[in-house]
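Got your viewer open? Switch to cartoon view, keep the side chains ready to toggle, and let's take a walk through this one stop by stop.

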Amino acid sequence: VIRCRAAVAWAAGQPLSIEEVEVVPPKAGEVRIKIVATGICHTDEHVLKGCFPNVEFPVIPGHEGAGIVESVGEGVTSVKPGDKVIPLCLPQCGECSFCLNPESNYCLKCHFSEQQNLLPDKTTRFTCKGKQVHHFLWVSTFAEYTVVPEYAVAKIDPAAPLDKVCLLGCGFSTGYGAAINNAKVKPGSTCAIFGLGGVGLSVVMGCKAAGASRIIAVDINKDKFAKAKELGATDCISPHDYKKPIQEVLTEMTGQGVDYSFEAIGYAETMIAALASCNMSTGVCVMVGVLDSGSEISVDPTLLLTGRTWKGSALGGWKTRDCIPKLVSSYLEKKFNSDLLITHTLPFAKVNEGFELLRAGK
């Protein structure tokens with residue numbers, strides 16, 4: 001049993017508490033990982049607020065990390081102690097109907113099909129102060145050691161800097177892939193991205209990589225505009241600067257509406273604005289942001305009847321175990337520079353300060 005630090009959420013609406021936890025060894029088919037670095041993603045904020053579906057407290061959040069295999073359970077063959085890995089918040093079991101479908105990146109072991117608050121044998125590997133602590137998406141990167149099923153681990157290039165490629169565990173891969181895989185952005189096209197956090201900026205990078213000729217970045221926080229332009233945005237606009245709805249502004253800017261729009265915030269009203277801002281005949285709108293659990297959207301069906309496509313993206317459409325290692329290799333080959341997304345680097349004990357920076361839009 002390893003004793004180490006973890007940031008525990010004891011209840012919704014409370015700050016994380018740095019605690020000593022016990023992490024038991026991996027069982028058959030499991031991997032115990034020493035987490036070296038983790039990103040903070042807005043999904044973790046949804047957990048802390050109590051608005052991510054089906055999470056149970058107390059829980060160790062975090063799902064965007066990178067680390068080194070410490071030990072493996074019986075039967076594990078794809079990784080060994082010492083390997084650099086990224087734990088995957090969207091597994092790839094390789095056996096379900098979705099994993100076997102080359103066009104799908106979903107997996108029936110995912111949290112939205114069967115909850116990942118406990119490992120597959122319905123027990124936890126974490127205890128704290130004598131109490132059982134739940135996992136989050138099986139990953140729980142806000143712990144110095146974590147245990148995950150083998151099919152939720154991607155082995156990556158040993159040259160990869162873990163403090164940089166941890167972003168590929170969720171945020172960068174989600175946004176970049178939403179443009180490349182889910183929207184399939186075409187060269188010469190026009191795109192609009194709602195929300196310029198880490199995921200939205202990664203969408204900007206994906207649109208640029210796909211050859212879009214006009215990339216319009218939309219955010220009420222103008223501090224994000226310089227970074228968006230550095231990453232490839234051609235125009236940056238704030239809805240606060242206009243008296244009319246932003247979808248009308250985008251339609252006027254482009255003539256008919258954009259070819260592709262992306263919502264990377266997680267609000268019902270911006271989801272509808274993103275759908276309405278893409279052109280009525282062939283426009284594609286990709287939903288990337290996570291809405292609070294229990295949210296509903298009412299939409300004018302004419303928006304879809306005229307020909308628009310509205311779709312969602314789970315982790316950017318990548319088959320995770322197959323594709324995340326390839327993305328790490330592309331990073332090492334400098335095909336994209338996800339380092340530009342990193343704004344702050346904090347010691348683990350300051351995780352709550354990290355969330356304060358996130359809430360402040362910094």
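Start with the charged pairs: there are 14 salt bridges to find here. Keep in mind along the way that you're looking at a predicted model.

**Stop 1: E45 and R359**

Select E45 and R359 and show their side chains. They meet in a salt bridge, with N to O at 2.9 Å. Which parts of the chain does this pair tie together? E45 sits in helix α1 (residues 42-49) and R359 in helix α10 (residues 351-359), so the bridge links parts that are 314 residues apart in sequence. Turn on a surface and check each partner: E45 counts as buried because its relative accessibility is 7%, under the 20% cut-off. R359, at 47%, counts as partly exposed.

**Stop 2: two more pairs**

Next, pick D163 and K164. Their side chains form a salt bridge at 3.2 Å, N to O. D163 is partly exposed at 43% relative accessible area, and K164 is partly exposed too, at 26%.

Now jump to K244 and E252. Here the closest N and O atoms of the salt bridge are 2.7 Å apart. Is E252 buried or exposed? Its relative accessibility is 56%, so E252 counts as exposed, while K244 is partly exposed at 34%.

**Stop 3: a network**

Select K27, E30, D121 and R125 together. These four are linked in a network of salt bridges. Leave E30 highlighted, as it leads to the next stop.

**Stop 4: the five-stranded sheet**

E30 stands opposite P149 in β8. Strand β3 (residues 30-38) runs antiparallel to β8, and five bridges join them. Now color the whole sheet: it's an open one of five strands in the order β8-β3-β4-β5-β9, with antiparallel pairing. Its edge strands are β8 (145-149) and β9 (153-155), each of which pairs on one side only. Look along the sheet for the twist, which averages 45° from one strand to the next.

Then add residues 320-332. This is helix α9, which packs on the sheet and touches β5 (84-87) and β9. The direction of α9 makes about 40° with that of β9.

**Stop 5: β1, β2 and β6**

Move on to strands β1 (residues 2-8) and β2 (residues 17-23), which run antiparallel and are joined by seven bridges. To see one partnership, select V8 and S17: S17, in β2, is the bridge partner of V8. Strand β2 also has two bridges to β6 (residues 126-128), again antiparallel. For that pairing, select E22 and its bridge partner in β6, T127.

**Stop 6: a buried arginine**

Finish at R308, in the loop between α8 (302-305) and β15 (309-312). What is the nearest side chain of opposite charge to R308? It's D300, but D300 is 8.0 Å away, and R308 is buried yet has no salt bridge. Since a salt bridge needs the charged atoms within 4 Å, that gap is worth drawing as a distance line.

So what does the side chain of R308 reach? Draw a line to the backbone oxygen of L275, and you'll get 3.2 Å. Then show the surroundings: leaving aside neighbours within four places in sequence, R308 is in contact with a set of residues including L275, A276, C278, N279 and M280. Also among its contacts are S281, G283, T302 and L303.

Notes. Residues numbered from 1 in each chain as written. Predicted model: local features only at pLDDT ≥ 70, side-chain atom pairs only at ≥ 80, totals over all residues. Heavy atoms only, no water. Pairing = 2+ DSSP bridges. Helix = DSSP H or I, 4+ residues; strand = E, 2+ residues; numbered from the N terminus. Axes fitted to C-alpha atoms, helices over the stretch in contact; angles between N-to-C directions. Contact = heavy atoms within 4.5 Å. Buried < 20%, exposed > 50% of the residue type's maximum accessible area, 1.4 Å probe, protein only. Lys, Arg positive; Asp, Glu negative; His and termini not counted. Polar contact = N/O pair within 3.5 Å; in protein donor to acceptor, adjacent residues only side chain to side chain.
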